[in-house]
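Biologist: I would like to learn how to read the strands, the core and the buried polar residues of a model. Please take me through them one by one.

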Amino acid sequence: MTLNVTNHSVNDVDVYALIGEIAQQVAMVPSTESKRVKLPSDADLTGGVRLVVNLVGTSTTYSSGKILVGSGNTINLTVASPLDRSYWSVR
């Protein structure tokens with residue numbers, strides 16, 4: 001499972017994948033940059049995944065809500081400014 005993150009924020013961001021009850025940092029994306037990462041291959045994604053974005057140096061966060069994915073899907077996460085306008089898609 002691939003995650004593409006595009007950061008349009010003026011802040012660097014830490015991105016976490018919440019799978020079940022376990023949160024794991026999967027990326028740090030600098031301001032105005034993009035990054036492609038693989039989610040852990042041993043993760044059980046049958047119940048979906050939530051993405052949580054933290055603006056580095058602040059207490060501001062964004063949570064995607066549950067994202068249902070299938071084998072071979074790619075999640076595209078766009079981090080917006082302001083953060084609450086961030087969005088995601090699956091393809």
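Modeller: Keep in mind that this is a predicted model. Start with one cross-strand pair: Asp 14 stands opposite Asn 54, a residue of β5.

Biologist: Which strands does that pairing belong to, and how many bridges join strand β2 to strand β5?

Modeller: Strands are paired through bridges, and two strands pair if at least two bridges are found between them. Here strand β2 (residues 13-19) and strand β5 (residues 50-55) run antiparallel and are joined by 6 bridges.

Biologist: In what order do the strands form the open sheet?

Modeller: The order is β3-β2-β5-β6, an open sheet of 4 strands with antiparallel pairing. The edges are taken by β3 (22-29) and β6 (61-63); each has a single partner strand, so one side of each lacks a neighbour in the sheet. From one strand to the next, the twist averages 20°.

Biologist: Now the core. Which residues of the largest nonpolar core touch the most other members?

Modeller: A nonpolar core is a set of buried nonpolar residues joined through side-chain atoms within 4.5 Å. The largest one in this model has 23 residues, and Leu 3, Val 15, Val 53 and Leu 77 touch the most other members. At least two residues come from each of β1, β2, β3, β5 and β7. The most come from β2, which gives 4 residues.

Biologist: What does Leu 77 touch, apart from residues up to four places away in sequence?

Modeller: Its contacts include Leu 3, Val 15 and Val 53, and also Tyr 62, Tyr 87 and Trp 88.

Biologist: Turn to a polar residue. Is Asn 7 buried or exposed?

Modeller: Buried means under 20% relative accessible area. Asn 7 has 1%, so Asn 7 is buried. Asn 7 lies in strand β1 (residues 2-7), and the side chain of Asn 7 reaches the backbone oxygen of Val 29 at 3.1 Å.

Biologist: How far apart are Asn 7 and Thr 32 in sequence and in space?

Modeller: They are 25 residues apart in sequence, but 5.1 Å apart in space, C-alpha to C-alpha. Thr 32 is also one of the residues that Asn 7 touches, as are Asp 12 and Val 79.

Biologist: Why does Asn 76 count as buried?

Modeller: The same cut-off of 20% applies. Asn 76 counts as buried because its relative accessibility is 18%. Asn 76 is found in strand β7 (residues 74-79).

Biologist: Which side chain is joined to that of Asn 76 by a polar contact?

Modeller: That of Asn 4, at 2.9 Å. Beyond four places in sequence, Asn 76 is also in contact with Tyr 87, Trp 88, Ser 89 and Arg 91.

Terms used. Residues numbered from 1 in each chain as written. Predicted model: local features only at pLDDT ≥ 70, side-chain atom pairs only at ≥ 80, totals over all residues. Heavy atoms only, no water. Buried < 20%, exposed > 50% of the residue type's maximum accessible area, 1.4 Å probe, protein only. Contact = heavy atoms within 4.5 Å. Polar contact = N/O pair within 3.5 Å; in protein donor to acceptor, adjacent residues only side chain to side chain. Axes fitted to C-alpha atoms, helices over the stretch in contact; angles between N-to-C directions.
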